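Okay, thanks for coming, everyone. I've got a structure to walk you through, so let me put it on the screen.

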Amino acid sequence: MAESQAPAAPAGSDGRAEPNHGLRIFLIWIVLALVADLLIWFVWYPHLPPGRMSESAEHQQLDIAVLALAAAPVMLFVWTYFGYTLVNWRHRDGDDDDGPPIFGHTGLQATWIGGTAVIVLAAFVFGTVELIVPAGAGAGEGPLPVWKPSGHNLLQVQVIGQQWQFTYRYPQFGGMESTTLVLPDNRPVEFHVTSLDVIHSFWAYLLAVKADANPNVDNVAYTTPKHTGGFTVRCSELCGIWHGAMFDSGRVTTPTAFQAWARATELREHQLGVLAALPPYALTYDPTVVPQLGQEVVKVAGITGANGYYYPPSDPEQP
Amino acid sequence: MSIDIEPEKAQEPAGSGPIGPRLARPWWMRPAMHTGIIGAILGYFIGHWLGNFLSWEYARNALSDMNDFPLVLGYVIAVVGWLAGLGVFNDLGRQILGKPVPAAEEEEEAFGGVARYFRFSLDHKVVGIQYLVGMIIYFCTAGLFAMAIRTELLSPSYHIMSSSAYLMVVGEHGTMMMMLMSSVVLGPFGNYLMPLMIGSKRMAFPRLEALSFWLTPAAFIILLSSVLIGGFPTGWTGYAPLSVQAMEGMDAYAVAFGLMGISICLAGFNIIVTVINYRAPGMRWSRLPMFVWSMVTVSFLMVLATPVLIGGMYLLILDRTVQTANFVNTLGGSSYLYENLFWFFGHPEVYILALPGFGIVSEIIPVFCRKPLFGYRVAGAGMIGVALLSFFVWQHHLFVSGINPEMRPLFMLTTELISIPTGFIYLVAMGTFWKAKLRLTVPMLFALALYFNFLIGGISGVFLSDVPADTTEHGSFFVMAHFHYTIMGGLIFAFFGACYYWLPKMMGIKLNQKLGYLHFWTMFIFFNSTFLPLFAVGMAGQPRRVFEYATNLTPLNDWVSISSFLLGASILIFVINFIWSTVIVREREVANPWNSRGLEWQVAAPPPPGNFEHIPVVLSGPYDYGVKDAPAVADLHPPVGVVSASYASAGTASTGVEA
């Protein structure tokens with residue numbers, strides 16, 4: 001928007017030569033914008049959320065940094081302009097005349113509209129690329145994902161939200177169940193997010209994955225962890241009174257450590273009879289239907305099953 | 001609230017004949033707020049009894065002792081009773097019985113003084129003041145809930161309220177602000193000033209206008225009553241199936257939100273019809289003040305968007321009372337249906353909350369720059385563009401929800417396109433400021449603050465419109481900071497600017513300027529100090545509506561909480577100023593203290609009954625500052641026959657076709 005500073009205003013009303021305000025504003029702005037963008041790129045960008053723990057996180061970090069690069073000059077332009085007007089064009093005591101009657105300036109208006117349109121379209125193109133390239137950018141794509149990671153080595157993990165905890169199932173390991181999310185690094189992960197009761201949202205902040213958990217819906221999201229370490233999972237959709245306490249921790253380990261953990265967990269759950277007791281792995285579950293019993297069991301409390309009867313009217317104990 | 005107006009002048013004979021013996025009754029026999037309250041209480045008990053009678057064999061649950069059906073019916077019939085007690089249906093009844101209906105002016109004469117502010121008044125200026133006082137009460141109540149939220153968030157783990165109480169407070173704050181503040185400008189300033197600005201003696205539908213106001217206290221009280229029965233756990237969005245699962249307090253949310261939907265739909269309808277049909281001769285579309293343009297665009301949003309909300313709330317009530325399953329996935333309903341219905345209303349709603357602010361600042365800045373509004377058509381196009389686009393962006397609220405991923409680029413584009421017409425508003429402001437003669441009065445400072453705040457809010461909105469960035473920001477405090485910057489930083493700052501700008505006209509009194517400056521600076525500083533850190537809190541991973549958060553975010557959260565208390569104190573300064581200036585000191589203000597060219601400033605302060613002695617003939621635009629030999633904005637005493645001739649030759653000036 002560098003061009004949009006020089007409205008062809010008439011010369012000073014008293015005939016005195018006026019400084020070139022447009023040029024002055026432009027120079028102040030260009031210096032500020034340059035400094036801001038350099039700071040954003042070299043100082044801020046490496047520390048921007050959500051970090052670089054996964055592929056989608058890297059892309060989101062880049063995306064946020066690029067948007068900040070574009071946003072800073074725009075904001076600084078507006079602020080520089082208003083600051084300049086506040087300093088230079090204040091009303092002086094005794095001067096009761098009105099200002100110059102400028103009703104518009106076609107060229108300036110067209111330039112402004114064109115400039116903002118270019119910025120907006122560029123942001124749209126960049127955002128779309130950053131959405132498609134990292135396989136949906138870590139956002140839940142619903143049951144029929146359109147952007148998928150390449151390769152056949154996908155690790156499938158099911159995330160089951162319920163009031164007020166997440167459970168994880170690994171269908172490639174006998175459908176074993178874990179309350180801790182463990183993932184290997186450098187292997188694409190396919191999350192299948194679903195819920196048993198109300199809408200939750202699976203948010204692994206450092207992995208830059210967020211997908212709503214809707215009952216009876218399989219919401220798929222992808223990412224590829226890039227570094228080992230711990231991360232936190234939080235529910236980011238209001239899901240009832242203990243929403244604020246619905247979080248747990250996960251970790252990204254090396255592939256060998258992951259294999260060892262997964263096999264050991266599967267074996268232990270098999271020996272303890274947990275796998276047999278669990279409902280067979282499915283993309284969604286209906287808590288009013290218990291398949292092992294071979295018949296529908298509708299909860300006594302109400303027709304819908306989800307009608308206020310998961311917890312009694314008084315607050316449950318602290319989880 | 002004692003607000004005098006000048007002694008009423010003799011009216012031209014109008015309306016029908018005798019008023020009847022009704023007026024001879026003492027005040028407590030006449031329909032007003034107290035009879036409305038009696039009607040509401042009676043209505044509630046009738047509705048509750050009827051609900052129990054109809055639903056005795058189902059729905060009452062042994063576990064929770066919950067029975068939604070009588071409660072909803074109680075609320076609905078209480079509203080009918082409230083309106084009946086207020087006398088809303090009296091004229092209708094008279095017409096049905098073939099009795100004469102007194103003209104609005106005669107009723108107003110009979111109910112002079114303060115009493116008319118407590119009854120179903122058909123005078124748009126009375127309704128405007130009713131709205132103003134009502135909105136300030138609603139805003140302060142919801143603001144107190146906000147401070148309760150921040151009190152709880154002082155500590156990440158030590159709780160001063162239970163988790164359910166916390167969610168109740170969050171829901172009350174959010175819902176009250178979003179549903180009631182949608183009328184915060186259109187109600188008081190739209191209803192009061194718009195007829196004055198377009199040269200009309202009245203609004204098109206005074207009964208609808210009064211009804212739209214008197215529904216707001218009902219919605220407010222019903223929403224607040226939720227506190228007595230445990231609140232609702234869903235926040236202002238009311239997502240199903242959580243809202244289907246929730247306890248009785250949820251019914252209050254659904255009924256109140258639906259009721260407020262009816263109110264804003266009626267208010268918008270009235271404004272549209274008035275602007276189209278009641279403009280004075282010479283008030284072409286190209287001479288309409290920008291504030292009126294903003295009211296027209298907002299009204300179209302209200303009329304087109306809120307029916308979807310009303311429908312959504314109705315379906316939700318059905319799910320909760322008669323056990324339908326519209327939003328229950330496992331029984332064939334869809335939780336996405338609710339999300340789509342809600343946001344199809346909800347996104348236009350946020351522009352219902354933004355556009356009036358643009359209109360107000362567009363009125364204020366030319367006056368205090370002493371320059372014409374730069375790019376009048378661009379400003380109008382900006383508002384219309386924002387309003388149109390706002391219907392095509394709602395799915396950006398659902399980027400991570402799992403619906404149709406292939407639509408995401410489209411909704412990213414439409415959302416980002418909105419920044420182009422929004423940019424027009426900035427172009428207009430910057431052009432108007434070019435070589436201006438700025439007078440930094442209190443209204444002007446509030447207008448400047450809108451441009452400052454809304455820039456931050458708007459730019460952060462571009463981050464949210466971008467799917468990859470939104471994946472991290474969605475549902476976090478980043479979103480919360482964003483919409484507080486646009487709504488509070490935009491609309492509420494503009495609202496206060498409008499109070500300082502127009503209250504001298506509406507009430508004929510001066511607001512204390514020193515307190516005004518103090519209010520502005522404290523509000524501006526503590527608003528930014530409250531909400532700017534919340535962008536960082538959200539980016540650092542704190543989801544919305546949590547009562548427990550990561551310990552390392554405690555310093556930021558504490559900073560925000562303390563700032564928010566100071567922000568609350570700043571609003572208190574306004575309330576004190578308002579009461580001090582309008583009730584206690586009551587220093588008279590001249591008719592046009594800002595030397596404005598607006599038509600509303602050309603009449604006495606406060607405006608006389610009927611606004612104009614004669615229908616004025618508008619001669620020039622409202623922003624012709626600095627134009628040599630500019631004609632007066634209007635001829636307030638046009639020669640006899642001019643107006644009627646103008647109306648007779650409909651199709652020229654009076655219908656707004658540009659000459």
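I'll talk about confidence, then about how two chains meet, and then about a couple of single residues.

So, up front: what you're looking at is a predicted model. For chain B, the average pLDDT is 88, and 90% of the residues score at least 70. There's a stretch to watch at residues 1–22 of chain B, though, where pLDDT is below 50; the model still gives that stretch 44 contacts beyond near neighbours in sequence. Then there's residues 651–659 of chain B, again with pLDDT under 50, and here the model has 16 contacts beyond four places in sequence. Where pLDDT is low, the predicted coordinates shouldn't be read in detail, so please don't squint at the contacts there.

Okay, on to the interface. How much area do chain B and chain A bury between them? About 8700 Å², with 67% of that on carbon and sulfur atoms. On the chain B side, the residues that lose the most area to chain A are B:Gln245, B:Trp434 and B:Lys435, and together they make up 10% of what that side buries. If you'd rather count residues, 101 from chain B are in contact with 105 from chain A.

What about polar stuff? We get 28 residue pairs in polar contact between the two chains, counting pairs with both residues at pLDDT 80 or more. Which helix gives the most to the chain B side? That's helix H16, residues 419–433, which puts in ten residues. Sorted by type, that side of chain B has 57 nonpolar residues, 28 polar and 16 charged. There are also five salt bridges between the chains. One to zoom in on is A:Asp95 with B:Lys437, at 2.9 Å from N to O.

Now, A:Glu237. You'll find this residue in the loop between strands S9 (229–235) and S10 (247–253) of chain A. Buried or exposed? Buried, because its relative accessibility is 7%, and the cut-off for buried is under 20%. Its contacts further off in sequence come from both chains: among them are A:His200, A:Asp212 and A:His243, plus B:Tyr239, B:His474 and B:Arg545.

Last one: B:Ala634, in strand S2 of chain B, residues 634–635. With a relative accessible area of 12%, B:Ala634 counts as buried too. Leaving out residues up to four places away, B:Ala634 touches B:Leu599, B:Pro616, B:Val617, B:Val618 and B:Leu619. And the C-alpha atoms of B:Ala634 and B:Arg597 are 9.4 Å apart, with those positions 37 residues apart along the chain.

That's my tour, thanks!

How values were computed:
Residues numbered from 1 in each chain as written. Chains lettered and ligands numbered in written order. Predicted model: local features only at pLDDT ≥ 70, side-chain atom pairs only at ≥ 80, totals over all residues. Heavy atoms only, no water. Contact = heavy atoms within 4.5 Å. Buried area = accessible area lost by both parts, 1.4 Å probe. Salt bridge = Lys/Arg side-chain N within 4 Å of Asp/Glu carboxyl O. Polar contact = N/O pair within 3.5 Å; in protein donor to acceptor, adjacent residues only side chain to side chain. Helix = DSSP H or I, 4+ residues; strand = E, 2+ residues; numbered from the N terminus. Nonpolar A, V, L, I, M, F, W, Y, C, P; charged D, E, K, R; others polar. pLDDT = per-residue confidence, 0-100. Buried < 20%, exposed > 50% of the residue type's maximum accessible area, 1.4 Å probe, protein only.
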